[in-house]
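Please read the following walk through the model alongside the sequence and the coordinates. The text begins with a term and then moves from the confidence of the prediction to individual helices and residues.

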Amino acid sequence: MSRRFRTRTVTNIFYATLLTCLIEIFLIANVSMVEEYLRKIESESFLLDFLELSPIMVLIYVLIGIGIFSVIFLRLQERHLRYLARISAAMQDISEGDLNTVVEVKGDNEFSAMAVNLNRMVEDIRRLMDKERESERTKNELITNVTHDLRTPLTTIIGSSVACLEQQNTMTAEEQRQLISNIEEDAQWLLNMVENLLSVTRIQDTDGAPAVVK
């Protein structure tokens with residue numbers, strides 16, 4: 001417990017004890033007056049006989065005092081217990097995935113500090129999730145762009161290869177050389193693209209970011 005919380009608890013115990021003593025004194029005084037009145041009128045009622053049983057009356061006073069103290073102390077602590085219950089409910093909502101939960105910060109004590117830290121934690125989680133979604137969106141865009149960029153030279157390579165295989169008897173040497181040259185250029189472009197992607201992957205791994213291409 002923090003010193004402030006301990007001090008407040010001890011203070012509430014002191015107030016509850018003081019009020020309990022005052023109420024007990026008032027109760028004992030009134031019971032004594034009733035007993036004295038019954039003696040004056042020389043009544044032999046069951047109530048007088050019961051009041052004269054000192055051990056039982058002491059036990060009753062003790063039990064009443066414990067009950068009064070408990071009620072007063074709980075009333076003094078009720079505001080903090082209610083606030084703590086709200087924090088607990090907010091933590092339950094957060095654990096179930098509700099990241100829009102915000103705990104109102106009241107006062108300047110350990111409970112308000114707990115609420116501040118809880119709100120900060122939720123904000124950090126929300127920021128990390130937004131960053132993760134943005135990273136996922138960027139990755140998807142990169143994959144789409146790379147797929148589109150790779151499809152064009154691959155289509156050209158396949159087309160040139162098919163032409164060389166199917167028309168090699170009818171094509172001149174110059175035409176075959178041109179097709180093979182086109183295949184070489186597109187293959188070289190693909191190789192450069194792969195090298196660039198691998199370089200980006202290595203940089204991201206070094207920075208601790210998730211790799212896009214492996």
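A residue is called buried when its relative accessible area is under 20%, exposed when that area is over 50%, and partly exposed in between. Ser 181 has a relative accessibility of 23%, so this residue counts as partly exposed.

The model is predicted. Its mean pLDDT is 78, with 84% of the residues at 70 or more. In residues 208-214 the pLDDT falls below 50, and in the model this stretch has 10 contacts beyond near neighbours in sequence. Predicted coordinates should not be read in detail where pLDDT is low.

Helix 4 covers residues 110-166, which is 57 residues. At 1.5 Å a residue the expected span is 84 Å, and the end C-alpha atoms lie 82 Å apart, so the two values agree. The buried residues of this helix include Phe 111, Ser 112, Ala 115, Leu 118, Asn 119 and Val 122, and also Val 146, Pro 153, Ile 157, Ser 160, Ala 163 and Cys 164.

Helix 5 spans residues 173-207 and holds Ser 181. Between Ser 181 and Ser 160 there are 9.6 Å from C-alpha to C-alpha, with a separation of 21 residues in sequence. Ser 160 is among the buried residues of helix 4.

Asp 186 also belongs to helix 5. Which residues does Asp 186 touch, leaving aside those up to four places away in sequence? They are Pro 153, Thr 156 and Ile 157. Of these, Pro 153 and Ile 157 are listed among the buried residues of helix 4. Asp 186 is itself buried but has no salt bridge. The nearest side chain of opposite charge is that of Arg 177, 14 Å away.

Conventions. Residues are numbered from 1 along each chain as its sequence is written. This is a predicted model: local features need pLDDT of at least 70, side-chain atom pairs count only at pLDDT 80 or more; totals for chains, interfaces and linings use all residues. Side-chain values use heavy atoms; hydrogens and water are left out. Helices (H or I, at least four residues) and strands (E, at least two) are DSSP runs, numbered from the N terminus. The expected span of a helix is 1.5 Å times one less than its number of residues. Buried means under 20% relative accessible area, exposed over 50%, partly exposed in between (1.4 Å probe, protein chains only). pLDDT is the predictor's confidence in each residue, from 0 to 100. Contact means heavy atoms within 4.5 Å. Lys and Arg count as positive and Asp and Glu as negative; His and the chain ends are not counted. A salt bridge is a side-chain nitrogen of Lys or Arg within 4 Å of a carboxyl oxygen of Asp or Glu.
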